[in-house]
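Colleague: I am new to this structure. Please pick one part, look at it closely, and then work outward from there.

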Amino acid sequence: MSAAAGDDGTTSGDIAVVGHADLTPDALALVESALRARLARRPVRTMAMVRSGAGAPLASGRAARASGCPLAVVIPTRNGVPAMPPPRDRMATGELLTLADQVRLLSYDPLDRDSCVGADERLVVSSGLLLAVWDGSPSNGRDATAHLVTYARAHGVPVEVVWPEGAARRAVPTTG
């Protein structure tokens, strides 16, 4: 996809937003504020796109609404019918749908990590900019944000990392 530079340094086209789903409540507020400021500087014609879910997607949707940026929420489908999100994402998906200016249906399984990563890759390559809510950590088999940053760069999509000072992720419980 070819895109022309906008007056604020971004390219034209939609802005895909991806990131960690396991942000702490304090980090969600920090990320939302940082994204709101970034999206407020966007060219008028751009739309923020997020795949439905908790964490960074919800913070992104709230930031888009607060900044006046139109929001497209991507929800999973199976055979053309919207699929039920996983239990942990249902409240967030409901809120995102109320914030959305547009709902886009995309075929993927919300319970399958690889399918979700594939859906995010499709968002990334269809965008003119990737905003990545990312702490800089490598991909760990559970979280694919590092992969998506690398994927965007490999496909010529500009990347802006959003990780405000003080942001943190929830600790992963250890199993014994």
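**From S52 outward**

Modeller: S52 lies in the loop between β2 and α2. Strands are DSSP runs of E with at least two residues, helices are runs of H or I with at least four, and both are numbered from the N terminus. The model is a predicted one, in which local features need pLDDT of at least 70 and side-chain atom pairs count only at pLDDT 80 or more, while totals for chains, interfaces and linings use all residues. Residues are numbered from 1 along each chain as its sequence is written, and side-chain values use heavy atoms, with hydrogens and water left out.

S52 has a relative accessibility of 8%, so it counts as buried (under 20% relative accessible area; exposed is over 50% and partly exposed lies in between, with a 1.4 Å probe and protein chains only). Residues up to four places away in sequence aside, S52 touches P57, V73, V74, I75, P76, T93, L96 and Y108. Contact here means heavy atoms within 4.5 Å.

Two of those partners, T93 and L96, lead to helix α3 (residues 90-99), where A92, T93, L96 and L99 are buried. Seen down the axis of α3, these buried residues fall within an arc of 120°, so they line one face of the helix; the arc is that of the directions from the helix axis to the C-beta atoms. An α-helix has 3.6 residues a turn, so residues three or four places apart point the same way. The buried residues of α3 pack against β2 (48-51), α2 (56-67) and β3. On the face turned away from the buried side, α3 carries the exposed residues M91 and T98.

Next come R88 and D89, whose side chains meet in a salt bridge at 3.7 Å, N to O. A salt bridge is a side-chain nitrogen of Lys or Arg within 4 Å of a carboxyl oxygen of Asp or Glu. R88 is exposed at 51% relative accessibility, whereas D89 is buried at 11%.

Strand β3 (residues 71-78) brings in R78. The side chains of R78 and D109 form a salt bridge of 2.9 Å, N to O. This pair links distant parts of the chain, 31 residues apart, with D109 in the loop between β5 (102-107) and α4. D109 is partly exposed at 28% relative accessibility, and R78 is partly exposed at 41%.

N79 is found in the loop between β3 and β4 (81-82). N79 is not a glycine, but has a positive phi of about 55°. Its relative accessible area of 80% makes N79 exposed.

The loop that holds D109 leads to α4. The axes of helix α4 (residues 113-125) and helix α5 (residues 145-154) come within 10 Å and cross at roughly 35°. Axes are lines fitted to C-alpha atoms, for helices over the stretch in contact, and angles run from 0 to 180 degrees between N-to-C directions. The crossing is right-handed, meaning that the near helix is turned clockwise from the far one by less than a right angle; anticlockwise would be left-handed. V117, D120, E121, V124 and V125 in α4 meet H147, L148, Y151 and A152 in α5. The residues of this contact divide into six nonpolar, one polar and two charged.

Further salt bridges can be followed from here. The whole structure has 11 of them. One joins D22 and R169, with the closest N and O atoms 2.8 Å apart. D22 lies in the loop between β1 (15-19) and α1 (25-40) and R169 in the segment after β7 (159-162), so the pair ties together parts that are 147 residues apart in sequence. D22 is buried, at 9% relative accessibility. D22, D135 and R169 are linked in a network of salt bridges.

W163, in the segment after β7, is in contact with D135 and R169, among others, when neighbours within four places in sequence are left aside. W163 is partly exposed at 26% relative accessibility.

E160 is found in strand β7 and is partly exposed, with a relative accessible area of 26%. Apart from neighbours within four places in sequence, E160 is in contact with R38, R41, L129, L130, L131 and A132.

How values were computed:
Ala, Val, Leu, Ile, Met, Phe, Trp, Tyr, Cys and Pro count as nonpolar, Asp, Glu, Lys and Arg as charged, and the others, Gly among them, as polar.
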